Amino acid sequence: MSYCINSHCPHPQNLDRATVCKSCGSNLLLKGRYRVFHTLGESLTTRTFLAVDEDQPSQPRCVIQQFFEAETVADGQKLRNPTFRAPDWALDELGKHPQIPKLLASFELDSRQYLVQEYIEGRNLATQLLEKGVFKEIHIWYILSELLPVLQFVHDHQLIHRDIKPSNIIHRKSSQAVPTLGEKENLGGLVLVDFGSAIATNSGPLKRATATGAAEYAAPEQIQGQAIPSSDIYSLGITCIHLLTGMSPFDLFDIKADSWAWRHYLKVPVSARLGCILDRMVQRETSKRYPTASAILQDIKHGPASMDLILSQPQWTLGAWAGAVVGLLSLVLGSRFQSPQPQAFTYQEPATIPEIRFNPPPMSDFQPQTSPEPAAVRTLTTLDKNPVWAVAVTPNGRAIVSGNNDGTIRLLHKRHGKVIKVLGGHSGPVWSVAVSPDGRTIASGGADNTIKLWNIYTGKLIRSWEGHKDGVFSVAFSPDGTVIASVGKDKTLKLWQVDDAVELEAFKGLSDQVQSVAFSPDRQTLATGNSDGIIKLWNCQTGELKQTLIGHSDAVWSLAISPDGQTLASGSWDKTAKLWDISPNHESPLPGDSQLPNFTDNSDRLESHDFSWNIKVSHDSLQPKGSLLRTLIGHADRIQSLAFSPNGDKLASSDLSGIIKLWQTNTGEMTGTLKGHATWVELAFNPQDQTLVSGSFDDTIKVWRLSP
């Protein structure tokens, strides 16, 4: 369908290949090349259309903005007010940023100005709000971490956007890694569009009739024609509040109290730190508002917005927020989400986070299905503004080790939760921690691409490895403590010799990001879980791929091997956990077993060292069965962490909503549900008793006493 852009045309719809409007006779090919399909939006001074450029062989889609002068009435006469907007050269510079549409053309036709910009395929946040409902807290952290650098870039170029609102923020449809908003919908890859209202910061006061931007989201001074850079900050803050509440901003301000009352309309409470940041962003007095986007970025460093963890479907989007947050978003969720790197300018893009579901923290309880009495639970500590990414327990069971969002590792007393030591050395969040079997050292992997080894008694850093090119998702000690395995975002599995700091190079056959790694108790097998849902079993001595286990439909974020080495547990973002039989059998070796070890360039160098980690090829080595035993179904959200009990009879699993479930490993029966965390949880059993330790992105660490 061709669309006539003559604003006075009574019937603008026309046939697909028509060149002249059947109703008004206007030319349907703008400038002889752009065919308009339909309108995307309209304001007092602009109309926005979706079009194609028929002058190019591929006929790419584009967005056309048509500008016209607004009219006001004074003394019975119509007055035309000129449209103020940013100069074309400035918009062209902005288009070099990967999260701002490129300017393709600018011209005047029939006394009207036109801008032709890149079409961003995707859905805007207003549509996602309508379809999926209100956003979670972790989504807001991600939105801030994605868009604040964009705002800073715009302001550094001496421009003010003036029309930030949910419909002008588009989630780019792509395969890039980002946190998800819904079951299948990614939230990441956010692009700020519609710069038709942008003006230079030195434009000076404007008449109220020329003050554009949606009134619901516009700052008070902007409505008065006095837009300043922090006016965009106000609009972004109001946008976030609208997404959290689903309410019109007009309904969220208490006129009598002269203050915002948005918290009263939340379906799920948000953290105090996010509330404080949003409150300052939407201060009506400019002197009390954040002056710059970079000032907000400084304040969100300690929030769950530090991890570009997540994969698209996910390849973390965070993997998490992730980010991780993700992680998460990360986290974190989130960002499952990475933006393409800029080429003509330099700026530092913050890490993203995974999708993490923030739920109202319920009463801490454990409700086993076999007993009406809740088991005891203790909250050891509340870490101020310090979400927990990882937990481990020392072999003697006396201390809990946590990897934290601020880059520190903390040792806590198991009984009373007192902080014994704080180890500082990472420059980003600590995503994984592991304690050596002898209890003397701690290995940590983090967002700063490094693996660090610490003396657990002195708290001193022993050494740091920098072989990864991106963040390290998981680290694990071999059963004898002589080797550390690490996996990460750079699609590598690496082995490190503990005693003399030698790196054993990356295994071959990894085609995607690797979220998790686990050693078998006999040190013969190494298991890895990938973002594509595939689990791989490796021969630790040769680096050879033994088995590929296929069964999950989404990223495998956690692996655990039972103490007897017979069973592998996998936890996935497809909301299921699976138990696999990996007991060894005497099948014939795989083809290629007689070849050299499957390490990269360091194999010759490694053979010259007398390692206890003996690299050799064994034709009579045992192969794991790798068959699926059962699938554990019961989580309503994505599974993030798994842990076997010391005797292997129980499996604990946790998800991004903070729910922990217990399973009987020999039957697959769910035996209990633990509720007490508000979001993302990591798990570790105490090897000396029947207690489960959980560390969460809600800043708490809890110890649960489980019945035998």
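This report covers the overall make-up, one helix, the salt bridges, the annotated repeats and some selected loop residues of a predicted model.

**Overall make-up**

The chain holds 8 helices and 49 strands. It has 708 residues, and 59% of them are buried. Its accessible surface is about 28300 Å². Carbon and sulfur atoms account for 48% of that surface.

**Helix H2**

Helix H2 spans residues 125-132, and its buried residues are Leu125, Gln128 and Leu129. Viewed down the axis of H2, these residues fall within an arc of 100 degrees, so they line one face of the helix. The spacing fits a general rule. An α-helix has 3.6 residues a turn, so residues three or four places apart point the same way.

What do the buried residues of H2 pack against? Their partners include two helices by name, H3 (137-156) and H5 (229-245). Strands S11 (122-124), S13 (169-172) and S14 (190-192) are also on the list.

Both ends of H2 have features of their own. At the N-terminal end, Asn124 acts as a cap. A side-chain oxygen of Asn124 lies 3.0 Å from the backbone nitrogen of Ala126. After H2 comes Gly133, with a positive phi near 90 degrees.

**Salt bridges**

Side chains of opposite charge can pair when their charged atoms come close. The whole structure contains 15 salt bridges. Three of them are tabulated here.

| Pair | Closest N to O distance |
|---|---|
| Arg17 and Glu54 | 3.3 Å |
| Glu93 and Lys96 | 2.8 Å |
| Asp163 and Lys165 | 3.7 Å |

Take the Arg17 and Glu54 salt bridge, at 3.3 Å. Arg17 sits in the loop between strands S2 (13-14) and S3 (29-30), and Glu54 in the loop between strands S5 (46-53) and S6 (61-67), so the pair ties together parts that are 37 residues apart in sequence. Arg17 and Glu54 also belong to a salt-bridge network that includes Arg35. Arg17 is exposed, at 56% relative accessibility.

The other two pairs add further settings. Glu93 is partly exposed, with a relative accessible area of 28%. Its partner Lys96 is partly exposed at 36%. Is Asp163 buried or exposed? Asp163 is buried, at 7% relative accessibility.

**Annotated repeats**

An unreviewed UniProt entry places the feature "repeat: WD" at several spans, among them 381-422, 423-464 and 549-583. In the model, residues 549-583 are 57% strand and 0% helix. The end C-alpha atoms of this span lie 14 Å apart.

The record also lists 683-708 for this feature. Thr679 lies in the loop between strands S46 (670-675) and S47 (681-685). Thr679 is buried, at 0% relative accessibility. What does the side chain of Thr679 reach? It comes to 3.4 Å from the backbone oxygen of Leu656.

**Positive phi outside glycine**

Lys31 has a positive phi near 60 degrees, though it is a residue other than glycine. Lys31 lies in the loop between S3 and strand S4 (34-42). At 53% relative accessibility, Lys31 is exposed.

Arg523 is not a glycine either, and its phi is positive at about 65 degrees. The loop between strands S33 (514-519) and S34 (525-530) holds Arg523. Arg523 has 15% relative accessibility, so it counts as buried. The cut-off for buried is under 20%.

Terms used
Residues are numbered from 1 along each chain as its sequence is written. This is a predicted model: local features need pLDDT of at least 70, side-chain atom pairs count only at pLDDT 80 or more; totals for chains, interfaces and linings use all residues. Side-chain values use heavy atoms; hydrogens and water are left out. Buried means under 20% relative accessible area, exposed over 50%, partly exposed in between (1.4 Å probe, protein chains only). Helices (H or I, at least four residues) and strands (E, at least two) are DSSP runs, numbered from the N terminus. The arc is that of the directions from the helix axis to the C-beta atoms. Contact means heavy atoms within 4.5 Å. A polar contact is a pair of N or O atoms within 3.5 Å; within protein, one must be able to donate a hydrogen and the other to accept it, and residues adjacent in sequence count only if both atoms are side-chain atoms. Accessible areas come from the Shrake-Rupley method with a 1.4 Å probe; for residues, only the protein chains shown count as cover. A salt bridge is a side-chain nitrogen of Lys or Arg within 4 Å of a carboxyl oxygen of Asp or Glu. UniProt positions are given in the numbering used here, feature names are shortened, and annotations may be inferred rather than shown by experiment.
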